[in-house]
Amino acid sequence: MTHSLLMVRELRQYFPIRRGVFRRVVGHVRAVDGVSLFIRRGETLGLVGESGCGKTTLGRTILRLIEPTEGQIDFDGQDITRLRGRALRAARRDMQIVFQDPYASLNPRMTVRAIVEEGLKIHRLGTAAQRLEKVAQTLDEVGLDPSYMDRYPHEFSGGQRQRIGIARALALAPRLLVLDEPISALDVSIQSQIINLLTELKSRHSLTYLFISHDLSVVEYIADRVAVMYLGEIIELATSEALYRNPLHPYTRALLSAIPSIDPQRRRQRIILPGDVPSPANPPPGCRFHPRCPLAEDLCRRQAPPLVTIDDHAFACHVVQRELAQQRTAPDQRPQPGPHDDDSAAPAAKAAGRIPGAQPEERGSPPA
Ligand code: SF4
C-alpha cells in the first residue's frame with residue numbers, strides 16, 4: 001500500500017454549549033465524533049454529507065485551525081496533534097485550505113499581491129523580489145494575469161476570486177490541500193473550470209486533496225475514494241467506483257438516489273428519508289441514522305454499528321453486515337451471476353442488491 005500522507009485516528013471535536021449567567025457548560029455539540037481515516041499520497045479523498053454533518057469541522061480540525069478535543073492526526077508520519085508554535089507553523093506550511101466562499105475568504109482591503117504573498121511572509125520565505133516573482137508565477141499558474149496583482153478582490157468575478165484563493169494556498173507549495181466546498185458558491189459554468197484547474201494543479205504538483213462537498217456528482221468525478229459522513233461519523237468509505245456503483249449504507253443510497261440525471265441508465269429510484277437530521281448536541285442512541293432509516297430494527301436502536309471493512313469497502317450498518325455474513329456462509333444461496341453480471345463485483349456489492357426498496361442500478365461512466 002502507498003504510504004499514507006495523512007492518518008486520522010478517533011478524532012473528536014466537541015463544542016461546549018454554555019448557558020446561564022455563569023456560562024456553565026450544559027452539554028456538547030459533537031460535530032466530529034470518533035473519525036478515523038487516511039489519505040494516500042497523491043490521492044483525492046472526497047468527503048460528502050448533508051449540511052451540518054461535520055465535514056467542514058473535520059477538515060478544519062485536521063489542519064489544526066480548530067483544536068481537536070480528542071484523537072490523533074499524523075501528517076507524513078509525524079504526530080501533529082499537539083504541536084505548538086514554530087513546529088505547528090512548519091507543519092501548516094504543508095497543509096493549506098481553499099475556502100468555500102471566495103467573497104468572504106479574501107480580505108477586501110488587501111491587494112491580490114498582498115493576499116498571495118502573506119503566507120510567504122509569515123513563513124519568512126525568500127527576499128521581497130523572490131516573493132514578488134513567486135506571486136506572479138502562482139497567479140499565472142491559476143490562470144490570472146500577473147499584471148492584475150495590485151488590484152483588490154472586489155474587482156474580480158467569483159471564479160477569479162476563487163483562483164486567487166487557490167493561488168494563496170498554492171504559493172506555499174503545500175503537499176495537502178483541504179478544498180472546502182471550493183465550487184459551491186460559483187456559477188455552474190465556472191465550476192467546471194475550477195475543477196479542471198484543480199485536477200491540473202494536482203498532477204503538476206503531485207498534490208493530495210481532501211475534497212469536501214455536498215455535490216455528489218462532482219465528487220464522483222474528482223475523487224479516488226469517498227467518505228460519507230452522517231452526524232459527525234463516517235458511515236461509509238470506499239473507492240469512488242465501488243461507492244457510486246454499489247452503495248451499501250442506506251443513507252448513502254438515499255443520497256445517491258437524489259442525484260439528478262438526464263441519462264435514464266444513471267437514474268435511481270428516489271429514496272425520500274423521513275424527518276430531519278437530529279441535533280449533534282443530542283444524537284440518537286445506537287445507530288445515529290435509525291430514526292430515518294427504512295431498515296431500522298431493534299438492535300439499531302440499542303447498539304451503534306461498528307465501521308467494518310469488507311473488500312476495501314467500509315460501512316457501518318448492522319443489517320448490511322448481517323446480509324453479507326449470511327451470503328458468505330451460504331454461498332449456494334447467492335444469486336447466480338447472469339451473462340451480463342460483472343464477475344469482479346465484490347461480494348459486498350452482491351449483497352447490496354438485497355436491501356429492500358433500494359435496488360442498485362448500473363451507472364455509466366463519470367461525467368466528462
Ligand atoms: Fe439503518 Fe440499522 Fe443500518 Fe443504522 S444499522 S443504517 S438503522 S439498518
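**Exposed and buried elements in a predicted model**

With 9 C-beta neighbours inside 10 Å, E67 counts as exposed, because a residue is placed in that class when 12 or fewer other C-beta atoms lie within this distance of its own. In this predicted model, E67 is located in the loop that lies between α1 (55–62) and β4 (70–75). The C-alpha atoms of E67 and T81 are 8.3 Å apart in space, while 14 residues separate E67 from T81 in sequence.

The protein as a whole contains 12 helices and 12 strands, and 38% of its 368 residues count as buried. When contacts between residues at least 6 apart in sequence are considered, 65% of them join residues that are at least 24 apart.

A contrast to E67 is offered by I164, which is found in helix α5. I164 is buried because 24 other C-beta atoms lie within 10 Å, and the cut-off for this class is 20 or more. Once the neighbours within four places in sequence are left aside, the contacts of I164 are with L106, V112, I115, V116, L144, P153 and F156. One of these partners, L144, is 20 residues from I164 in sequence, and the two C-alpha atoms are 8.0 Å apart in space.

Some of the contacts of I164, including V112, I115 and V116, belong to the buried part of helix α3 (residues 112–122), in which V112, I115, V116, E117 and L120 are buried. The cover over the buried residues of α3 includes α4 (128–141) and α5 (158–170). Just after α3, R124 adopts a positive phi of about 50 degrees. A167 is likewise in contact with V116, and also with T138, L139, V142 and L144, when its neighbours within four places in sequence are left aside.

A167 also appears in the description of the largest nonpolar core, which comprises 85 residues; L47, A167, L179, L210, F211, A227 and V228 are the members that touch the most other members. In soluble globular proteins, nonpolar side chains tend to be buried together.

Two of these core residues, A227 and V228, lead to strand β9 (residues 225–230), of which 6 of 6 residues are buried. In a regular strand the side chains alternate between the two faces of the sheet. In β9 both faces are covered, since R225, A227 and M229 are buried on one side and V226, V228 and Y230 are buried on the other. Strand β3 (residues 44–48) is joined to β9 by 4 bridges, and the two run parallel; within this pairing, A227 of β9 is the bridge partner of L47. With strand β10 (residues 233–239), by contrast, β9 pairs in the antiparallel sense over 6 bridges, and I234 in β10 is the bridge partner of M229. The two strands β9 and β10 form a hairpin with 2 residues between them, and L231 in its turn has a positive phi of about 45 degrees.

A further set of strands forms an open sheet, in which 4 strands follow the order β2-β1-β4-β5 with antiparallel pairing. At the edges of this sheet lie β2 (24–40) and β5 (78–79), each of which pairs on one side only. Strand β1 (residues 4–19) and β2 are paired in the antiparallel sense over 13 bridges, and one of the bridge partners in β2 is R30, which is matched with Y14.

Two other helices were examined for their lengths. Helix α6 (residues 188–205) has 18 residues and reaches 26 Å from its first C-alpha to its last, close to the 26 Å expected at 1.5 Å a residue, and just after α6 a positive phi of about 50 degrees is taken by S206. For helix α11 (residues 318–329), the 12 residues should span 16 Å at 1.5 Å a residue, and the end C-alpha atoms are 17 Å apart, so the two values agree. The buried residues in α11 include H318, V319, V320, E323 and L324.

Finally, the ligand is surrounded by 13 residues, the closest of which are C287, H290, C293, C300 and C317. By class, the shell around the ligand consists of 10 nonpolar and 3 polar residues, with no charged residues.

Notes. Residues are numbered from 1 along each chain as its sequence is written. This is a predicted model: local features need pLDDT of at least 70, side-chain atom pairs count only at pLDDT 80 or more; totals for chains, interfaces and linings use all residues. Two strands pair if DSSP finds at least two bridges between them. The expected span of a helix is 1.5 Å times one less than its number of residues. A nonpolar core is a set of buried Ala, Val, Leu, Ile, Met, Phe, Trp, Tyr and Cys residues joined through C-beta atoms within 7 Å. Two residues are in contact if their C-beta atoms, placed from the backbone, lie within 7 Å. A residue is near a molecule or strand if its C-beta atom, placed from the backbone, lies within 6 Å of it. Ala, Val, Leu, Ile, Met, Phe, Trp, Tyr, Cys and Pro count as nonpolar, Asp, Glu, Lys and Arg as charged, and the others, Gly among them, as polar.
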